[in-house]
2 protein chains.
Amino acid sequence: MVENVVIIGSGPAGLSAAIYTAREEFSPLLIKGTGAGGQLLLTTDVENYPAFERIAGPQLIRSMEQHATKFGTRFLEGDVTRVDLRAKPIKVYLGETVIETNSLIISTGASSKWMGLQSEKNFIGRGVSSCATCDAVFFKNKDVIVVGGGDTAMEDSLFLTKFVNSVTVVHRRDSLRASKIMQQRALTNPKIKFIWDTAVEEVLGDKKVSGAKLRNLKTDQVTEMKTDGIFVAIGHQPNTELFKGQLELDDQGYIITKDDVLTNIRGVYAAGDVADRFYKQAITAAASGVKAALRVREYLSMLKFEEEQKAKH
Amino acid sequence: MVENVVIIGSGPAGLSAAIYTAREEFSPLLIKGTGAGGQLLLTTDVENYPAFERIAGPQLIRSMEQHATKFGTRFLEGDVTRVDLRAKPIKVYLGETVIETNSLIISTGASSKWMGLQSEKNFIGRGVSSCATCDAVFFKNKDVIVVGGGDTAMEDSLFLTKFVNSVTVVHRRDSLRASKIMQQRALTNPKIKFIWDTAVEEVLGDKKVSGAKLRNLKTDQVTEMKTDGIFVAIGHQPNTELFKGQLELDDQGYIITKDDVLTNIRGVYAAGDVADRFYKQAITAAASGVKAALRVREYLSMLKFEEEQKAKH
């Protein structure tokens, strides 16, 4: 059996693509991998998905799953191990299992790079965040740490100053990787302090974050600092390992798209953070899933027509 | 007083832009014109806004309005009569009133072209629709008319065949304006019939549509036909009259954008159907509103920085 459409990934992009393709009776097969649900499961409250004044991240994902299920999406749990995008039909492997499909929507998302501490993991959603845009308002008049030295770290720091009492940027080096203009803005902002040559060694707290243990990487001196929150802004990594050598990726590994969702292979579409370096919002991911679905509709309709014409001649 | 950001239009694009810019404490001013709320107010149920299994179109708009209000959007009712986008700050006129703003989001939407019949107007939302994608599922196993001969009319007809019992295309001419491939697909589909050289003269019905009075434009013969629904697919008109000569528009009047929302003028962004010829969904409009808001944030931050630098020297 050849599927009409397979969707890899179950964040807002994949689920929205499922809702649309299911509603058009293509009976999509959505493959939920490890980390199913995407980054929203790591967020506490979402206040910026238009029309929901406030919804818990996991609840938003559950609502989308129900929505997709209602119209007939089939879900498969497992990790895709290999794809052959040039094959006709396209082949998707889960270990020994092979799934054949006429079209494919890739919505495998991006993963925040974390520092890699056990204590950090324990406090995700309880003071540790990787999304300033999502969570800044929950830290009004608090003191927070931002970890990182790139553009995202500076943007996050500047954005946070509108809400928090103070931002302390903790950076491993003695200079910033960020663009000059972002550096200047951050360095001249009175609410932002910098601690150079330093890494967070442990996140401290009981139920919520209350501090951080910092190590100066030059002197090896360890100090403790009080803080209400830690924003980790050391970058994102698009989950595109599977597609290397088959799809065009940019220098950071994001899938290169035209018109938001078209990849360099016909019948293969990308949606959500896997192809988005800039916006990275639940709503923008959902919309690109929808765009991919509408492109799938167009593509399958063309495919069907071509086959009918071939059958005639 | 110079506003940070003015938003023109109150459909999903404008309201989503308001939600984001309000949440970032830019205190946006949203101008609701005639036809406030956009095309969603003309839809009955929306089943394809991800995470809402089903919501009435007007209710979706109300939820977004509440969401935008909660974070501090200010609403102004009235019609913009003139804009000066090259002025610094940008000028927006409502008759004698002048509003000055550092940035502007244009989300004035598009209007479906209607046939222009009083009886048609009476049945909008009660059997008369301009959106097959939105409303097809409500016509399962019914007989419907599609009015039009272009690509949209053919796409709508083909899409409708998945749900309805029959589609009758009523077209003013004796050949289709649609692309060859769309023509072929529609003409060879057994569920689609064609009535040529004919216009709908009156929509018939009591509480819901039950038929149509048709006039053959060559013979002037008038006939009546039973039908459960009439889909008007004679095109959309982006609402860009105000911006002619200032923004780059395409041959159909849509605002030409880069990266979805950037126009040819710095500080001026377009979101939603006013710049979207293809997707035209509530969710894609909402997402582009969000993208415009994030661009406004970037732009205002740069503007502020430039002013600070100027003040120093």
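Which residues in H1(B) meet which residues in H7(B)? Let's keep that one in mind, because it is a nice way into this structure. Hi everyone. What you see above is a predicted model. How confident is the predictor? Chain A averages a pLDDT of 93, and 98% of the residues score at least 70. For the complex, the predictor gives an ipTM of 0.80 and a pTM of 0.81. A word of caution for anyone new to this: where pLDDT is low, the predicted coordinates should not be read in detail.

Back to the opening question. On the H1(B) side we find Pro12(B), Ala13(B), Ser16(B), Ala17(B), Tyr20(B) and Thr21(B). Their partners in H7(B) are Ala282(B), Ala285(B), Ala286(B), Gly289(B), Val290(B), Ala293(B), Leu294(B) and Val296(B). Sorted by class, this contact has eleven nonpolar residues, three polar ones and no charged ones.

Now for the geometry. Two packed helices are described by the angle between their axes and the distance between the axes. H1 of chain B covers residues 12–23 and H7 of chain B covers residues 282–312; their axes come within 7 Å and cross at roughly 40 degrees. H1(B) and H7(B) are therefore oblique to each other, and the crossing is right-handed.

Let's move over to chain A and look at another pair. How do H1(A) and H2(A) cross, left-handed or right-handed? Their crossing is left-handed. H1 of chain A spans residues 12–23, H2 of chain A spans residues 57–70, and the two axes come within 8 Å, crossing at roughly 20 degrees. That angle is under 35 degrees, so H1(A) and H2(A) count as roughly parallel to each other.

Who makes this contact? H1(A) brings Pro12(A), Leu15(A), Ser16(A), Ala18(A), Ile19(A) and Ala22(A). H2(A) answers with Ile61(A), Met64(A), Glu65(A), His67(A) and Ala68(A). By class, that makes eight nonpolar, two polar and one charged residues.

Finally, let's step back to both chains. A turn of 180 degrees, with a shift of 0.1 Å along the axis, lays chain A on chain B with an RMSD of 0.1 Å. That is the relation of a two-fold axis. The same surface serves both copies, too: 100% of the contact residues of chain A recur in chain B. And which residue of chain A comes closest to the rotation axis? It is Ala287(A), with its C-alpha at 3.0 Å.

Thanks for listening, and do have a look at these helices in the structure yourselves!

Key: Residues are numbered from 1 along each chain as its sequence is written. Chains are lettered from A and ligands numbered from 1 in the order in which they are written. This is a predicted model: local features need pLDDT of at least 70, side-chain atom pairs count only at pLDDT 80 or more; totals for chains, interfaces and linings use all residues. Side-chain values use heavy atoms; hydrogens and water are left out. Axes are lines fitted to C-alpha atoms, for helices over the stretch in contact, and angles run from 0 to 180 degrees between N-to-C directions. Helices (H or I, at least four residues) and strands (E, at least two) are DSSP runs, numbered from the N terminus. Angles under 35 degrees count as roughly parallel, over 145 as roughly antiparallel, 65 to 115 as roughly perpendicular and the rest as oblique. A crossing is left-handed if the near helix is turned anticlockwise from the far one by less than a right angle, and right-handed if clockwise. Contact means heavy atoms within 4.5 Å. Ala, Val, Leu, Ile, Met, Phe, Trp, Tyr, Cys and Pro count as nonpolar, Asp, Glu, Lys and Arg as charged, and the others, Gly among them, as polar. Copies are superposed by least squares on the C-alpha atoms of residues with pLDDT of at least 70 in both. pLDDT is the predictor's confidence in each residue, from 0 to 100.
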